[in-house]
Amino acid sequence: MALQLGVCDYPEQISEQEWLTFPKRMKALGLKFVRVAEFAWSKLEPQPGKYAFEWLDRVVDALYSEGLQVLLCTPTATPPAWLIRAHPEILPLDKEGRVRGFGSRRHYDYSSDVYWQESARIVEVMAKRYGTHPGVVGWQTDNEHGCHDTTRSYSPAALEKFQMWLEKRYLEVETLNEAWGNAFWSQEYGSFQEIGLPNLTVTDPNPSHVLDFYRFSSDQLIGYDKMQTEILREHSPGRFVTHNFMIFFSDFDHFKAAEHLDFVSWDNYPTGMLETSNAIDTVKTDYARTGHPDMIALNHDVYRGLKNGEGFWVMEEQCGQVNWASHNPLPADGAVKLWTLQAMAHGADAVTYFRWQAARGAQELMHSGLLRHDGTPDRGSLEVQKFALQIEFLSDAPISNKVVMLHDYESLWAYDVQKHSATSSYWGQMMLFYGVLRQLGLDVDIRHPDADLSGYSLIVAPALTMLGESTAANLDRAVQNGAYLLLGARTGFRKPTGGVWESRAPGPLAELAGVRVQNFDALRPGLTSRIEAFDQKFETHTWNESLELIADDVKVLGKYFDDPLYSQIALTERNVGAGAVMYAGFWSERLLEKSLEHVFARVGIPTLNLEKGLRYSRRGGLVYAQNWSKGGIPLDLPEDTEFLLGSSLLAPHGVSIYREPKT
Ligand code: GAL
C-alpha cells in the first residue's frame, strides 16, 4: 500500500450545502481518505431509536463519488443527552467520588452495563448500514480511549466488577491478603466483598491495591473496545478496525489493547505534547513551534511496537495551532511537512490531519484546521499542497532495527504510583535513555519485554521496575544468545504482586547482572552527585543507585565520588554466555552517552554525535535528515548522494531524504 494522506472531518457541524463543496477540494489537495462520524451520535440518533442517517448516507456517497476512501468512526465517545437523562448511571465518578457530568465528552463508565448495551446497539446499526458500502474502507472505534483521565471510574458499577475481577484472579481472599501485604496497617480482608476502590482513603492506598485496580480498569476498557470491534467485523467484512491512541497515554495496557485491532493509530500533537510535558522551560521555548523531535519519535516507536513493528497510522496530525495546552503557539513554517515526513520515516503508512475546517463553535473554536473558519485555506493546507504528491515516492517498507528499548505498562504504573522522587517518572526515565540513543544517531524499536528479542544486538531496559520470573528468563535467553542488555534504575525492584523482591533489585535479573542494589538515593531538584567513570567525572541528578557485586567476574566501570554513596559502585558490565549485561542505575545524560558509546563500540554499531536540532530516521533504505532548528544545517554527504527530497543543505525546519550511502 502506498503511503497516504487523509483528513478528519465533521460534516454534521456545518450546513450540508457548504459541506458539499469540500470533497472536491479534499481531492485536489492530494488527500486520499476522510474520517467522519466521530462524535456524531446526537445527529445520527436524535431521539431514542429514531435514527437520522440520511445526511451521513449523502456524505459517504459524496466522498465515494469523488474517489475518496471513507473511514467511519463509532460515535461512542459522546453519549447524547437523552441517553444520559434516561440512564444517569452511565456517568463515571472521579477519584473524589464526584459525578463527571454531561456537557463535554467521554462521560461514560467502562463498567456500565447499560452503556455497553447502548454502544453495542449504535455500533451494530452503523455497521449494518455502512459495513459493505464500497466507499467504506475501515473503522475507528470510539475516540482516544482514556482521554481526559477516563480509564478509571470510581463508581458503584466499577466496585462491583472490581470485586468480581479480584475473586477471579485470586480465588481465595487469603491469597490476595498475602499478595498485597495486607498484614501492614491491619489491611486484611475477610471476603472479596469487603474490598473497596482505592480512593478516598485517609492517606495513600496500598500500592498493590492500586495496581490491581489499574489492571482491572485497563481490562474493562479493552473489553469494551473489543466488543465494538467484534460487531464491526461481523457486519463489515474485509474492512479494517483501528483505534486512535494518544500521546503518552498510560492508563491502560496498549499492548493488550492493540491485540484485537488490525493496526494501531495514534494522534500526534507535537506542540501541545511539549507544552504539557515536564520538560524544562528552555526546552519548551526552543522547540515551541515544532515540538520536541525525540518526544514525537518515541511515541511513533511505541505505537509501531505495539504490534511488533507492523505499520501504523497517525490518525490525527496537528496542522496548525492546538487549543488545549496552556500556551498554543503557531507552528513554524514547514512544521506540518516535518511532522508528516518524520511519521512516515518512523513507519506510519498514513497521516490524517486534524481537522479539515476549524470549528466555528464550542470547545475547540480556537483550534486550527486545514481551512480557516470561513473555508479559506490556512497555513497547514498551503503546506500540504506543496508536498502531498511527493510522499507517494517514499518507501512503505516495514522497519526493523538492531537496537530495542523495552516498555511495559505494569512497570509504568508501579513506578509512577511510588515515584519516591517527584521529578522522576517512568516516561522521564524512558526519555532519558531514548534521547541519548537518538542523539547518537540510532533508530530504535520498542517492544514488550516478553516479545521475541532475537535479532537485536542491544536491548535497553530503562525502567522495568516490575519484573516477573518469565520475563527475566526471556531477557536471560537473549543475553545468552549474544545480545547486550542495558538495565536502568529500579529494574526488577518489584514483583508482579507490587511488593519488592526479597532478594533485592534487580530481583530475578540479579544473577545475570552479577549485582544487587545496595542503596538508592532520590535527589531533589538542584541536589546532584558525581560518578567517576571512563577517567572522567559525570554529574548525576534525580536518582542514584549503588551496587554490590555478587559474582567475581563483574567489571566495575564507575564509582560514586560524593557522599553519601562515596566509593560505592555505580556502573558495571558483565560478560555472560555470548552476550553481556550493563547496570546503570543513575540519571545522567552525559554518563549514559559515554556508557552507550562504550556499548556500541563493543557490539559494532557506529554512532554519530548529532548537533542540536538534527535528527536522522531511516526507513526502507532512505535516510530522513530532519532539521528541528531555526538555522540551516549543512550535511556532510558523498557527492554522488541520491536525493529524493531536499539537498545537502538542510533548510530550517526542513527535511532532506536521500538513499542511504553504501558502506
Ligand atoms: C484530540 C482529539 C480530537 C480533538 C483534538 C484537538 O486529542 O482526539 O477530538 O479534540 O485532540 O487537538
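Q: Two strands pair if DSSP finds at least two bridges between them; in this predicted model, which residue of strand 8 stands opposite Asn 268?
A: Strand 7, residues 265-268, and strand 8, residues 312-318, run parallel and are joined by four bridges, which meets the requirement of at least two and therefore makes them a pair. Within strand 8, the residue standing opposite Asn 268 is Glu 317.

Q: By how many degrees are neighbouring strands of the nine-stranded sheet turned against each other on average?
A: This open sheet has parallel pairing and the strand order 5-4-3-2-1-9-8-7-6. Its edges are strand 5 (240-242) and strand 6 (244-246), each of which pairs on one side only. Ignoring direction, the average turn between neighbouring strands of this sheet is 30 degrees.

Q: At about what angle does helix 13 run to strand 7?
A: Helix 13 spans residues 293-305 and lies across strand 6, strand 7 and strand 8. Relative to strand 7, helix 13 runs at about 170 degrees.

Q: What percentage of the ligand's accessible area does the protein cover?
A: Oxygen atoms of the ligand lie 2.8 Å from an N or O atom in the side chain of Arg 105, 2.9 Å from such an atom of Glu 316, and 2.7 Å from a polar side-chain atom of Trp 324. Of the 310 Å² of accessible area that the ligand has on its own, the protein covers 98%.

Q: How many charged residues does the shell around the ligand have?
A: The residues surrounding the ligand include Phe 39, Asn 143, Met 246, Tyr 269, Phe 354 and His 367, as well as Arg 105, Glu 144, Asp 267, Glu 316 and Glu 364. By class, the shell has five nonpolar and two polar residues, while the number of charged residues is five.

Q: Which residue of strand 22 stands opposite Arg 615?
A: Strand 21 and strand 22 belong to an open, antiparallel sheet with the order 21-22-26-24, whose edge strands are strand 21 (614-619) and strand 24 (643-645). Six bridges join strand 21 to strand 22, residues 622-627, in the antiparallel sense. In strand 22, the residue opposite Arg 615 is Gln 626.

Q: Which helix lies across strand 21, strand 22, strand 24 and strand 26?
A: The helix in question comprises residues 335-345 and runs at about 145 degrees to strand 22. The element lying across these four strands is helix 14.

Q: At roughly what angle do the axes of helix 16 and helix 17 cross?
A: From helix 16 (409-417), Ser 411, Leu 412, Tyr 415 and Asp 416 meet Tyr 426, Trp 427 and Gln 429 of helix 17. This contact has four nonpolar, two polar and one charged residues. The two axes come within 8 Å, and their crossing angle is roughly 115 degrees.

Q: Which residue is joined to Pro 564 by a cis peptide bond?
A: Pro 564 lies in the loop between strand 17 (555-560) and strand 18 (569-576). A cis bond also joins Ala 505 to Pro 506, and Pro 506 is found in the loop between strand 13 (484-488) and helix 19 (510-513). For Pro 564, the bond has omega near 0 degrees, and the partner is Asp 563.

Q: What is the approximate phi of Glu 144?
A: Glu 144, one of the residues around the ligand, is found in the loop between strand 4 (136-140) and helix 7 (156-170). Its phi is positive although the residue is not glycine, with a value near 35 degrees.

Note on methods
Residues numbered from 1 in each chain as written. Predicted model: local features only at pLDDT ≥ 70, side-chain atom pairs only at ≥ 80, totals over all residues. Heavy atoms only, no water. Helix = DSSP H or I, 4+ residues; strand = E, 2+ residues; numbered from the N terminus. Axes fitted to C-alpha atoms, helices over the stretch in contact; angles between N-to-C directions. Contact = heavy atoms within 4.5 Å. Near = heavy atom within 4 Å. Polar contact = N/O pair within 3.5 Å; in protein donor to acceptor, adjacent residues only side chain to side chain. Areas by Shrake-Rupley, 256 points an atom, 1.4 Å probe, with all protein chains shown as cover. Nonpolar A, V, L, I, M, F, W, Y, C, P; charged D, E, K, R; others polar.
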